[in-house]
Every structure is written in C-alpha cells, then in structure tokens.
Amino acid sequence: MSKTVKLHNEDKLVKKAVEVVLKMAKMQGFDLPTSPQPTKIKAVYLFLVGVNQIPPLPEDKMDGANLKKRLALWIHNALPDNDPLK
C-alpha cells in the first residue's frame, strides 16, 4: 500500500471483517481458528487472499498492523455507503 489511509473506527472495521469472513468461511465449509486474536486475524487474511478478495502482502510486510489495515480497508470498501462504520 503506497498511500497511507487513516480509517476512522479501524478497530471496529477489523472486528466486522473478522465476523463477516468467519461466516463466509463457514458457508464454504471451512472452520477458521477463532482464538487467539493474532491467529484469527492471520487466518482471516489468508482466507481472503485464497479466495482472491484481497491481494497478498509481501512477506516482509505481513505483521499484525498491516494485516489489520488490509482487513479494515477490505470491509470498508465492501460496506454500503450508508453504513455507520464508514
């Protein structure tokens, strides 16, 4: 990500993204880990990369902050314009 985008409610967006992706994975027959938090975030990110919803990060950028930012951006773009999290 070349531009730094500051999202309001980033933590709430990440929480919503995890919730949505866990439901998506369950509907497709996958059981992603639900705890601890860093494992869950990485599993959700890898699932989205696997189903071509988001582009993968370079290996040297795969840390918790970048994964959360990527999830927040993904759900922010997927939510309707009138959603309170936008």
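# Exercises on three packed helices

H2 and H3 are oblique to each other, and the exercises below work up to that result and beyond it. Keep in mind that this is a predicted model.

**Exercise 1.** Work out how H2 and H3 are oriented to each other, and which residues make their contact.

*Solution.*
- Start with the geometry: H2 and helix H3 (residues 64–78) pack with their axes 10 Å apart, at an angle of about 55°.
- Now apply the cut-offs: under 35 degrees would be roughly parallel, and 65 to 115 roughly perpendicular. The pair is therefore oblique.
- Next comes the handedness: H2 passes H3 in a left-handed crossing.
- On the H2 side, the contact is made by Ile41, Lys42, Val44, Tyr45 and Leu48, and on the H3 side by Leu67, Lys68, Arg70, Leu71 and Trp74.
- Sorted by character, the residues of this contact are 7 nonpolar, no polar and 3 charged.

**Exercise 2.** Do the same for H1 and H2: find the crossing angle, the handedness and the residues in contact.

*Solution.*
- Helix H1 (residues 10–27) and helix H2 (residues 37–50) have axes that come within 10 Å and cross at roughly 60°.
- H1 and H2 are therefore oblique to each other.
- H1 passes H2 in a left-handed crossing.
- H1 brings Val14, Val18, Val21, Leu22, Met24 and Ala25 to the contact, while H2 brings Lys40, Ile41, Val44, Phe47 and Leu48.
- The contact of H1 with H2 divides into 10 nonpolar residues, no polar ones and 1 charged.

**Exercise 3.** Describe H2 itself: its span, its buried residues and what covers them.

*Solution.*
- H2 has 14 residues, and from its first C-alpha to its last it reaches 20 Å, close to the 20 Å expected at 1.5 Å a residue.
- The buried residues in H2 are Lys40, Ile41, Ala43, Val44, Tyr45, Phe47, Leu48 and Val49.
- What covers these buried residues includes H1 and H3, the two helices you met in the exercises above.
- Look just after H2 as well: there, Asn52 takes a positive phi of about 60°.

**Exercise 4.** Is Glu10 buried or exposed, and which residues is it in contact with?

*Solution.*
- First locate Glu10: this residue is found in helix H1.
- Buried means under 20% relative accessible area. At 17% relative accessibility, Glu10 therefore counts as buried.
- Setting aside neighbours within four places in sequence, Glu10 is in contact with Lys68, Lys69 and Ala72.

Methods. Residues are numbered from 1 along each chain as its sequence is written. This is a predicted model: local features need pLDDT of at least 70, side-chain atom pairs count only at pLDDT 80 or more; totals for chains, interfaces and linings use all residues. Side-chain values use heavy atoms; hydrogens and water are left out. Axes are lines fitted to C-alpha atoms, for helices over the stretch in contact, and angles run from 0 to 180 degrees between N-to-C directions. Helices (H or I, at least four residues) and strands (E, at least two) are DSSP runs, numbered from the N terminus. Angles under 35 degrees count as roughly parallel, over 145 as roughly antiparallel, 65 to 115 as roughly perpendicular and the rest as oblique. A crossing is left-handed if the near helix is turned anticlockwise from the far one by less than a right angle, and right-handed if clockwise. Contact means heavy atoms within 4.5 Å. Ala, Val, Leu, Ile, Met, Phe, Trp, Tyr, Cys and Pro count as nonpolar, Asp, Glu, Lys and Arg as charged, and the others, Gly among them, as polar. Buried means under 20% relative accessible area, exposed over 50%, partly exposed in between (1.4 Å probe, protein chains only). The expected span of a helix is 1.5 Å times one less than its number of residues.
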